[in-house]
Amino acid sequence: MKNSTRKTDQLTIITSHTNADFDAVGSMLAAQKLYPGSLVVFPGFHEKSMKNFFVSTMAYLFNMADYRKIDPDSIGRLILVDTKQPSRIGELENLLKRPGLEIHVYDHHPRLDDDIKADFEIHSQTGANVSLLVELIKKKNIPVTPDEATVMCLGIYEDTGAFTYPSTTEKDFEAAAFLRAKGASLTTISDLTAKEMDPQQISLLNDMFRSATNYNINGREVVVTSVSTEDYIHDLAFLVQKMLRIENLNAVFAIALMKNKIYVAARSRVPEIDVGAVVRELGGGGHSFAAAATIRNKTLAQVENRIADLLKKHVKSSQHAADIMSTPAITVQSTITCREARQLLSRYNVNALLVLGPTGEGSCLTGFITRQVIEKALYHDLGGLPISEYMTTEFATTGPEADISEIQEKIIESKQRILPVMEAGRVIGAITRTDLLNTLIYRDRQKQTVRAKDPQEETRRPRTKNVAGHLRERLNEDILELLKRIGTAADTYGYPAYVVGGFVRDLFLYRHNEDIDIVIEGNGIEFARAFARMEGARINAYEKFGTAVVIFPDGFKIDVASARMEYYKFPAALPTVEMSSIKLDLFRRDFTINTLAICLNRDKFGRLIDFFGGMRDLKEKAIRILHNLSFVEDPTRVFRAIRFEQRFGFTIGKLTAGLIENAVKMNFFKRLSGRRVFSELCHILKEENPIPAIIRLEDFDLLKVIDPSIKANDRLSNMLDSARGVLAWYDLLYMENEHRKWVIYFLVMISHADREKACKICRRLELAPKYEKIFVHEREEAEHCLYRLGQQLPAKNSELYEMLSGFRTELLLYMMAATGREEIRKAISFYVTDLKDVKISVRGRDLKQMGLTPSPLFGRILRRLLHEKLDGKIETRQQELELAKKLAEGGQ
C-alpha cells in the first residue's frame, strides 16, 4: 500500500456502491483483509435474498460500523471498492469534500471523467472486482478462512455468470482457483447463484418478451423492452440475462417502471455494443457487457427514445467495406469482347466484372458489366463487340471505411449488382450483392441449428474466432515463436499473412503436424526471400506457382505461397494459377476441413478465419467438397477424400459421395496422367493403416483406375492383413534398415499380375525404372524363391542365407506376407532377425598377411568362413583365422 502521512488514531473506512451485490460485499471483505483494523460501512443490499444470507451467516466476518454514528473528522482514509463514482456511494459522498482525506480505490469499471480522484488506485477490467483484491491477498500471503473464501468466491461467480460472461478474464479464474484451494464452499455458492424465478418474475419476463422491439444499429441487432408493474420486483438484471440467453440475442436493454422509479438493466454479448457507455449517459454505471441505472422523473417512452438515440452514438459498426470486400477485384479492360467477357465470368465464377480503361490501369475505372447483359449480347449475336458498348457507366463507389448502412444503400437502393471499393482513386476491392446479403443474415446463420442445404456457397462472410490460446496450448514454443516472427515480418512489408491448411486442421484434431504452409496476400516469393534473410535461412522459389520453400539452418522447412486462385481449362487438367486473395485461395482447396486459416499479423494474431464451414465439418466429422464441379476439375481429389475419411475416422458427405460416383460414371479419370494417379495411391499406401482406404476405393469402383485387374476380393484382403501384421512385427524389432511400407502394400496389390501385366501396370502409372525393377523383376524372383522354399526348406542356415541374401527388405517382408505356410514365414523371419546381419571379422588384408595374392580364392575363402559361422561351426576371430589359413593352404 502507499505510504501514508495520516495520524495513526484516524479511522480507515471501507465502502462500496449502493445496492451492493455479492461482488461488492466480497470486495469489502477482501479490502478488510488488506487493511487490518478498518471499519466496513455497508451502503445497502441489492436484493432481499442477499440481505437475509448476510444477516444469517456472513455478518460475523465483518468489522461493521454505522456511518451515522461515526465522527467524519475521525476518518483519515476512505477505501472504495467496485466503484469510483461519487453518485454511487450514497451519503458518504459528502465525505469526499473533507480536506486531507486519503482515498484508495479498487475498481474494475471503465474510467470516466467524473471518477473520484484517488491517492492510490488499482484498476483493471476483470469480470469481478473482488478478483483484483484476491490477487493482492495471494501475493501478500494473507491467511483466508473457508468462510471468507466462500464470500469472496461468491462475488466472482455472480459477476462472471459462473465464468460464462464475455467480460470474464484469466484473473477471475486464477482468483477462484486460489479461493477454492482455501476452502470456498461450492455448495453454498451454487445454492445462492442458482436462482429460481418466482411467479412475479415469470410474469415480468413474459411481459419483456411481448414488448420487445428490435433495433438494427450499424449491422448489429439490439433488443429494447419496456414493462411496468405496481410492485418492485427484485433482480431485473437476472431477468435480462435470462432473456439474452433464451433468445440468443446480441444485447438487451430492459426498461422497467416499478412504483415511481424507472430501472434500466442492460446486458451485451458482443464488444461492438457497449451497454456501459449507453447507461452511463442515463446516469447509471457498469461495464461494456453489463450495466444498470435508476431514473426519476422520466416516462418509459422518454427513456426508450433516449436509449434508441444513444445506441446510434455508441454501437460500433461491426463490418466495414474493407472487411467484406473481395480483393483483389477482378477487373477487365474495356476493349475485350463480350464473348471474352463471358469466358472470364465462367473462369472466375462471378456475375459481374469491373471495367477499366483501355490501358487497364486501376485508377481508370470506367464502369461494370453483368453476366445478364453479356448473355443478352451473345443471344443477339453481338459477341464480337467490345464490352465498352454495353457496360454500365453510371455507378456508385465506396471507400474501405464505409459502414454497412452506406453499402446497403448503394447496392440495394441503387440496384447495383457490384460496388467498387476505391482508395486514393484506385480499385482495391469489390462488394457484390451476395457479399452484402451474407453479411446482413450472418447473425441469423449463427443462430440456426440446422446446417445450410448448400454448404459449398461461393461467397460468404467468414466465421472468425480468436484461437491464440489454443495455439499456446498445442504448439511448442519454437513453432509458436516462429509463427509470431512471420507475422511481424509480414507487418513490416504490409502483407496479411496466414498459416493455412492441414497444419490448422490438425491443431483442432489434436494431431501432431509441423508441416507449416504460409499464405501471403501479396508477393509470397518476395516475402519468403526477405524472411529468409532475416532468419539466416535459404530459399527455393518456384516463380510459375508463386511459391517458395524457406529452409532453416537446422533443416526445418516452411512453405510460403502467394494467395492465389486456380482454374482448369478442361476436366482433369493441371490448374492455371493467378494471384488472388485469401478467400479465393482457400476456395481453390479440396475439402472444407482444409480451408481453415489463422492470421499471423500482430494485431490479429491467432484469429481463425472459416469461410466455408470447416470447423463445422470437423465437429460433424464430415468430408465435404467446396463446390459441385470439384471432382470434374481435379479427379485426384477423390483419392484424397477417401484418404482423409479413413485417416480421421470421418464420413464422406452424401452430396460429396454422389459426386464421386458421378466422376467415376463419367470417367473423368481417363485424362489423368499415370504419375498423378500413382502419387495419390502412394499417399494412401503411406497411411498408418491403408487397408480400409483400399477397400473404400473398391466401394466407389476406383481400383480400376489403377488397373481393372485389381479387385478387393478375399485373397487381396487376406494378403493386405497379412502384410500389415508383418510390418507391425518388423517395426517392433527396431531394425536399423529402412523400409518403405507403401512398396510392400503395392507389391501385394499387384501380386496377381504376371510379368507382362505387371509391366503394363508400371508403365500405365509412369513409374521410374528403379520401381519397375522392384515391382516386376525382383518380385518375380521373390515369388520364385517362395516356390523353392515351398518345395523344400533348407537344412542349413547357410543355405537359407544364400537363398534370401539377395533380396531387399521390402521383398523379404512381401514374401512373408504372400506365403500361406507358417514354416516358410518363420524361416524368413529367422533370416531377418538372426542371419541377415551376421558378419565375419576376417578381411582381405588378413589373407594378404598370410601371404596370399588377391584372386578369386579370396571370395571363396570368405564365403566359406561366413557359411561356417552361420552354421555355428566357428564363433571367434581366432577360429576364423585358423580356418582361413587351413583353406589357404589347401587352395580351397
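**Helix packing and burial in a predicted model**

Author: In this predicted model, the axes of helix α26 (residues 674-685) and helix α30 (residues 741-749) come within 9 Å and cross at roughly 110°.

Reader: Why are α26 and α30 called roughly perpendicular to each other?

Author: Angles of 65 to 115 degrees count as roughly perpendicular, and the crossing of α26 and α30 is at roughly 110°, so the two helices are described as roughly perpendicular to each other. The crossing in which α26 passes α30 is right-handed.

Reader: What makes up the contact of α26 with α30, and how do its residues divide into nonpolar, polar and charged?

Author: From α26, Phe 678, Leu 681, Cys 682 and Leu 685 meet Trp 742, Tyr 745, Phe 746 and Met 749 of α30. The residues of this contact divide into eight nonpolar, no polar and no charged, where Cys, Trp and Tyr are among the types that count as nonpolar.

Reader: How do you know that helix α3 is largely enclosed by the rest of the structure?

Author: Seven of the ten residues of α3 (residues 130-139) are buried, and the helix is therefore largely enclosed. The buried residues, among them Val 130, Leu 133 and Ile 137, pack against α1, β3, β4, β5, α4 and α5.

Reader: Why does Thr 168 count as buried?

Author: Buried means under 20% relative accessible area, and Thr 168, at 17% relative accessibility, therefore counts as buried. Thr 168 lies in the loop between α4 and α5, where its side chain reaches the backbone oxygen of Tyr 165 at 2.8 Å.

Notes. Residues are numbered from 1 along each chain as its sequence is written. This is a predicted model: local features need pLDDT of at least 70, side-chain atom pairs count only at pLDDT 80 or more; totals for chains, interfaces and linings use all residues. Side-chain values use heavy atoms; hydrogens and water are left out. Buried means under 20% relative accessible area, exposed over 50%, partly exposed in between (1.4 Å probe, protein chains only). Helices (H or I, at least four residues) and strands (E, at least two) are DSSP runs, numbered from the N terminus. Contact means heavy atoms within 4.5 Å. Axes are lines fitted to C-alpha atoms, for helices over the stretch in contact, and angles run from 0 to 180 degrees between N-to-C directions. Angles under 35 degrees count as roughly parallel, over 145 as roughly antiparallel, 65 to 115 as roughly perpendicular and the rest as oblique. A crossing is left-handed if the near helix is turned anticlockwise from the far one by less than a right angle, and right-handed if clockwise. A polar contact is a pair of N or O atoms within 3.5 Å; within protein, one must be able to donate a hydrogen and the other to accept it, and residues adjacent in sequence count only if both atoms are side-chain atoms.
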